[in-house]
Amino acid sequence: MGIAIVGLSIVDAYLARTERQENRAEAERLGEAGRGMVENGRPLEAVSDFKAALAIERDNPDSWLALGQAQLAAGELEGAEATLTELLRRDSTAGAANLSLARVLVKEGRVTEAVSTYHRAIYGHWERDAEANRVRVRFELVNLLAEQGSKEELLAELLPLLDVAPEDVEVRKHLGRLFLIAGSATRAGEIFREILRNHPEDADAYAGLGESEFARGNYQTARADFQAAANLRPSDAEISRRLELSNDVLALDPMRRGISPTEQYQRSMWMVHLAKSAILQCSTALTKLEQDAIDEAQKAETKRVPSAQMSKALEENLNLAEQLWKIRLQECKRATTAAEEPLRLVLGKIAQ
């Protein structure tokens, strides 16, 4: 009797082990089929395969993650969030799961929650290539913040990437552009100069350096950089546009070094004219404030100024141009036009 019981136990154990092996093999087959569906752009069918795999082997974290990612790819955002939340309930520090959940939250428009989840992915644990994955996730986060226009947050996330991939020119150029978006023109300039030391024929790096100098109000240096970029890539319309804008700003700036007092005065008069024209082009029926400003501008335009009084007249004209421009911004709600941009930039530089 005892021998029979032992024999039955051995048989039961063998059958249970065989069943587990068969179940595991079937779950692996379904998982492999699901991954194939995802690779072939059929995530909805992949969802069914991964669900079937989980019905067999419920505690497999890879299947939970694959299901959540397939649901995200299929647009099943609610299901993806539920799946990934369940996976993170079991292991809240899983880097890959947090990254996938962050992507779901972005798709749902819940950007603030997504940013926190990206951070959990960055500081979470990864099964392999942990450092490379953390850098990749941080780049994804900074690209999101750049799209959102969150300059302070963007800069904070960019600083840990400052020395990343020193030999990868495309990554360094992307970093430089991101620092520009974050409002850190000085750091952006350093990155582009570093690229040019090793790659002096890189038009993008010259254009990026031009943008960094332009953002700091160094228009003459910016023009030289844009010119270098244009020489290397003459067919680039955006580089040509930025070069033209730099020229326009320099041609208007009354405080530019090396020009005579007469030229300074004439430029200040042209600024008054441009500011007056901006108001007239915006309003068909002038308000009293606008009309009074136009009258002041017309008086200045017809006034004769002796050479000895040009310095005083220059200051008066600059103050008047600034007042006119403030009225233009206050009374006219449309965005600054391309024709108005040089005036806006020169006034901004003078006001610094």
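**Figure 1. The link of Cys 282 and Cys 332 in the predicted model.** In this predicted model, the link of Cys 282 and Cys 332 is right-handed, with 90 degrees about the S-S bond. Cys 282 lies in helix H14 (residues 261-282) and Cys 332 in the loop between helix H16 (310-331) and helix H17 (341-351), so the disulfide ties together parts that are 50 residues apart in sequence. The S to S distance of the pair is 1.5 Å. A disulfide is a covalent bond between the sulfur atoms of two cysteines. The count of disulfides in the model is one. Cys 282 is partly exposed, at 25% relative accessibility, whereas Cys 332 is buried, with a relative accessible area of 4%.

**Figure 2. Surroundings of Asn 317 in helix H16.** Asn 317 belongs to helix H16 and is buried, at 5% relative accessibility. Setting aside residues up to four places away in sequence, Asn 317 touches Tyr 265, Ser 268, Met 269, Val 272 and Ala 300. Helix H14, which covers residues 261-282, supplies Tyr 265, Ser 268, Met 269 and Val 272 to this set of contacts. Ala 300 is the partner from helix H15 (residues 288-302).

**Figure 3. Surroundings of Leu 343 in helix H17.** Leu 343 sits in helix H17, and its relative accessibility of 2% places it among the buried residues. When neighbours within four places in sequence are left aside, Leu 343 is in contact with Leu 252, Met 271, Leu 274, Ala 275 and Trp 325. Of these partners, Leu 252 lies 91 residues from Leu 343 along the chain, and the C-alpha atoms of the two are separated by 7.5 Å. Met 271, Leu 274 and Ala 275 fall within helix H14, and Trp 325 falls within helix H16.

**Figure 4. Surroundings of Glu 290 in helix H15.** Glu 290 is placed in helix H15 (residues 288-302). Is Glu 290 buried or exposed? At 2% relative accessibility, the residue counts as buried. Apart from residues up to four places away in sequence, Glu 290 touches Ile 279, Ser 283, Ala 285, Ile 327 and Glu 331. Another acidic residue, Glu 331, is thus one of the contacts of Glu 290. Glu 290 and Leu 318 are 28 residues apart in sequence, with a C-alpha to C-alpha separation of 17 Å.

**Figure 5. Surroundings of Pro 43 in helix H2.** Pro 43 is found in helix H2, which runs over residues 43-56. The relative accessibility of Pro 43 is 15%, and the residue counts as buried. Leaving aside neighbours within four places in sequence, Pro 43 is in contact with Met 37, Ala 70, Ala 73 and Ala 74. Pro 43 and Met 269 are 226 residues apart in sequence and 65 Å apart in space, C-alpha to C-alpha. Met 269 is among the residues that Asn 317 touches.

**Figure 6. Positive phi at Asp 129 and Ala 165.** Asp 129 is not a glycine, yet its phi is positive, at about 50 degrees. The residue lies in the loop between helix H6 (111-123) and helix H7 (130-148). With a relative accessible area of 56%, Asp 129 is exposed. Ala 165, also not a glycine, has a positive phi of about 45 degrees. Its place is in the loop between helix H8 (151-158) and helix H9 (169-181). Ala 165 is partly exposed, at 27% relative accessibility.

**Figure 7. The protein chain as context for the close-ups.** The protein chain has 17 helices and zero strands. Its radius of gyration is 32 Å, well over the 20 Å that the globule rule gives for 352 residues, so the chain is more spread out than a compact globule. The C-alpha trace spans about 130 × 50 × 30 Å along its principal axes. Buried residues account for 40% of the 352 residues. Of the contacts between residues at least 6 apart in sequence, 48% join residues at least 24 apart. The accessible surface amounts to about 19800 Å², and 51% of it belongs to carbon and sulfur atoms. The chain carries 45 positive and 56 negative side chains, with the centres of the two sets 5 Å apart.

How values were computed. Residues are numbered from 1 along each chain as its sequence is written. This is a predicted model: local features need pLDDT of at least 70, side-chain atom pairs count only at pLDDT 80 or more; totals for chains, interfaces and linings use all residues. Side-chain values use heavy atoms; hydrogens and water are left out. Helices (H or I, at least four residues) and strands (E, at least two) are DSSP runs, numbered from the N terminus. The radius of gyration is taken over C-alpha atoms; the globule rule is 2.2 Å times the number of residues to the power 0.38. Buried means under 20% relative accessible area, exposed over 50%, partly exposed in between (1.4 Å probe, protein chains only). Contact means heavy atoms within 4.5 Å. Accessible areas come from the Shrake-Rupley method with a 1.4 Å probe; for residues, only the protein chains shown count as cover. Lys and Arg count as positive and Asp and Glu as negative; His and the chain ends are not counted. The place of a charge is taken as NZ of Lys, CZ of Arg, CG of Asp or CD of Glu. A disulfide is a pair of cysteine sulfur atoms within 2.5 Å.
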